[in-house]
Amino acid sequence: MIREYCVIFLLFSSLLVMSANKASDTSLVYIVDIKREIGSTSWVHVDKGFKQAKDMDADAILIHMNTYGGEVVFADSIRTRILNETLPVYVFIDNNAASAGALISIACDEIYMRKGANIGAATVVDQSGSKMPDKYQSYMRATIRSTAEAHGKDTIISGNDTIFRWKRDPRIAEAMVDESLYVEGVSDTGKVLTFTALEAIEHHYCEGIAENIDEVLKQVGIKTYELKKYEPSFYDGLKGFLTNSMFRGILIMLILGGLYFELQSPGIGFPLAAAIVAAVIYFAPLYIDGLAANWEILIFIIGVVLIGFEVFVIPGFGIAGIAGFALLITGLVLSMLGNDNFDFRGVETGGVFEALLVVLIGGLFGITGSLWITKKFWGRGRFSVLSLETSETIEDGYIGVDTEHMKLIGESGVASTVLRPGGKVIVGSEVYDAVAKNGFIDKGNIVVVVSHEAGQIVVEKA
């Protein structure tokens with residue numbers, strides 16, 4: 001009887017081991033889609049998708065791509081995220097990987113393309129499709145070249161020779177940006193390089209052709225797998241919208257423009273409320289994402305306080321005002337950067353330049369643009385109550401000083417105090433503030449009013 005129980009126990013244990021081995025052979029592949037214009041929303045999706053893949057102990061990440069490109073700054077963030085990822089990252093180009101999409105694809109460990117798909121054409125263009133100046137192209141050339149170099153070289157043994165060949169030739173990657181670059185047998189000058197699927201395989205920019213994700217994973221070598229796809233939440237989309245470069249520029253316009261107009265008008269009103277709301281919307285997603293630290297927001301607040309102190313307490317515009325504007329701009333810029341307190345080693349120069357440019361351009365348009373908008377619209381119709389249209393002219397009887405003193409010129413009086421040179425005099429039966437025109441005048445001397453300046457009468461000895 002004991003022997004039978006032992007046999008049953010051994011069989012049961014074997015089944016458990018076989019089941020565990022079968023489960024361990026199943027790879028978890030996490031899929032992240034890039035099927036839209038690359039921007040802040042795409043970056044949020046990729047970043048969060050990669051984090052979820054890590055949390056779920058995924059064995060690989062597969063990017064399912066079909067894009068014509070987008071903003072370089074967010075494409076660069078995605079590229080950097082891929083290059084720093086410890087999990088293998090594959091990309092399946094489902095028709096298009098143009099411009100920024102090509103940069104992201106080249107960063108992946110392996111590239112697979114559908115028949116008829118394309119990769120390349122990474123020249124930097126503006127919103128209208130016109131080519132940007134060479135300083136932008138230079139940065140993109142270096143970025144895409146370094147991305148290709150990051151994959152290193154293959155060692156090829158040919159007879160007695162050892163050949164080291166780039167896994168992805170950096171010159172080919174650069175030719176996707178610069179039409180003037182000539183690569184023998186690959187590209188001619190005057191044409192930006194774009195590969196078809198077969199051309200990409202020939203020049204080692206594609207590991208294989210596949211029609212679907214299943215075929216991609218078979219070629220990768222993953223036979224048994226479980227697919228898990230990143231599904232963006234409503235908050236992810238909202239966060240992507242709020243961190244969009246153009247929207248952040250608008251918020252900066254509202255912040256600086258609102259503060260400027262509030263400082264120009266008495267009381268606390270609509271401009272200040274708009275600036276506060278814009279500041280909350282600006283900092284909230286950056287704070288939640290860990291980009292804007294407490295001390296960076298504090299710098300911004302101190303800057304606003306110093307500007308207010310300069311305007312309402314100290315006459316003129318001096319050290320407090322300049323320091324306030326400097327701290328305000330610093331707080332806005334630092335909140336966009338991925339620095340760790342005062343450690344900026346992970347922050348690229350291009351990111352700092354872009355953040356500073358967004359803040360300065362937003363601030364410039366916030367002040368100058370809002371002046372035009374106020375003049376154009378708020379002076380009319382239902383908004384006319386928000387702007388002052390009345391002019392107080394001299395012709396209408398409005399004056400800045402009391403002109404009653406003007407009538408005293410030529411009148412005689414007595415110095416009721418010593419004038420050194422200021423003091424008081426009695427003209428008629430009234431006492432007036434007066435200034436001696438020349439030297440001092442003793443108390444009791446007879447004086448004559450000769451002029452009127454800055455609200456005071458000017459006198460001299462009779």
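Author: A residue counts as buried under 20% relative accessible area, as exposed over 50%, and as partly exposed in between (1.4 Å probe, protein chains only). The model is predicted: local features need pLDDT of at least 70 and side-chain atom pairs pLDDT 80 or more, whereas totals for chains, interfaces and linings use all residues. Residues are numbered from 1 along each chain as its sequence is written, and side-chain values use heavy atoms, without hydrogens and water.

Reader: Why is Phe 270 called exposed?

Author: Phe 270 has 53% relative accessibility, and the cut-off for exposed is over 50%; therefore Phe 270 counts as exposed. Phe 270 belongs to helix H11 (residues 270–288); helices (H or I, at least four residues) and strands (E, at least two) are DSSP runs numbered from the N terminus.

Reader: Why is Ile 302 called partly exposed?

Author: The relative accessible area of Ile 302 is 37%, and partly exposed covers values between 20% and 50%, so Ile 302 is partly exposed. Ile 302 is located in helix H12 (residues 294–312).

Reader: What makes the nonpolar surface patch that includes Ile 302?

Author: Leu 298, Ile 301, Ile 302 and Val 305 make this patch of about 350 Å². Patch residues have over 30% relative accessible area and no salt bridge; nonpolar side chains (Val, Leu, Ile, Met, Phe, Trp, Tyr) are joined within 5 Å, like charges within 9 Å. At 37%, Ile 302 therefore meets the requirement of over 30%.

Reader: How do you know that Arg 141 is paired with Asp 134 in a salt bridge?

Author: A salt bridge requires a side-chain nitrogen of Lys or Arg within 4 Å of a carboxyl oxygen of Asp or Glu. The N to O distance between Asp 134 and Arg 141 is 3.3 Å, so the pair satisfies the limit of 4 Å. Glu 174 also forms a salt bridge with Arg 141, with the closest N and O atoms 3.9 Å apart. This second pair links distant parts of the chain, as Glu 174 lies in helix H6 and Arg 141 in helix H5, 33 residues apart. By this rule the count comes to 16 salt bridges.

Reader: Why are Arg 141 and Glu 174 called buried?

Author: Arg 141 has a relative accessible area of 14% and Glu 174 has 11% relative accessibility. Buried means under 20%, so Arg 141 is buried, and Glu 174 is buried as well.

Reader: What makes the span of helix H5 close to the expected one?

Author: Helix H5 (residues 134–149) has 16 residues and reaches 22 Å from its first C-alpha to its last. The expected span is 1.5 Å times one less than the number of residues, and for H5 the expected value is 22 Å. The buried residues of H5 pack against helix H3 (72–83), H4 and helix H6 (170–175).

Reader: What makes the largest nonpolar core a core?

Author: A nonpolar core is a set of buried Ala, Val, Leu, Ile, Met, Phe, Trp, Tyr and Cys residues joined through side-chain atoms within 4.5 Å. The largest has 50 residues, and those with the most contacts inside it include Ile 63 and Tyr 205. Helix H4 (residues 100–107) gives the most to this core, with six residues.

Reader: Why is Ser 99 called buried?

Author: Ser 99 has 16% relative accessibility, and buried means under 20%, so Ser 99 counts as buried. Phi of Ser 99 is near 50°, a positive value in a residue other than glycine.

Methods. Contact means heavy atoms within 4.5 Å. Accessible areas come from the Shrake-Rupley method with a 1.4 Å probe; for residues, only the protein chains shown count as cover.
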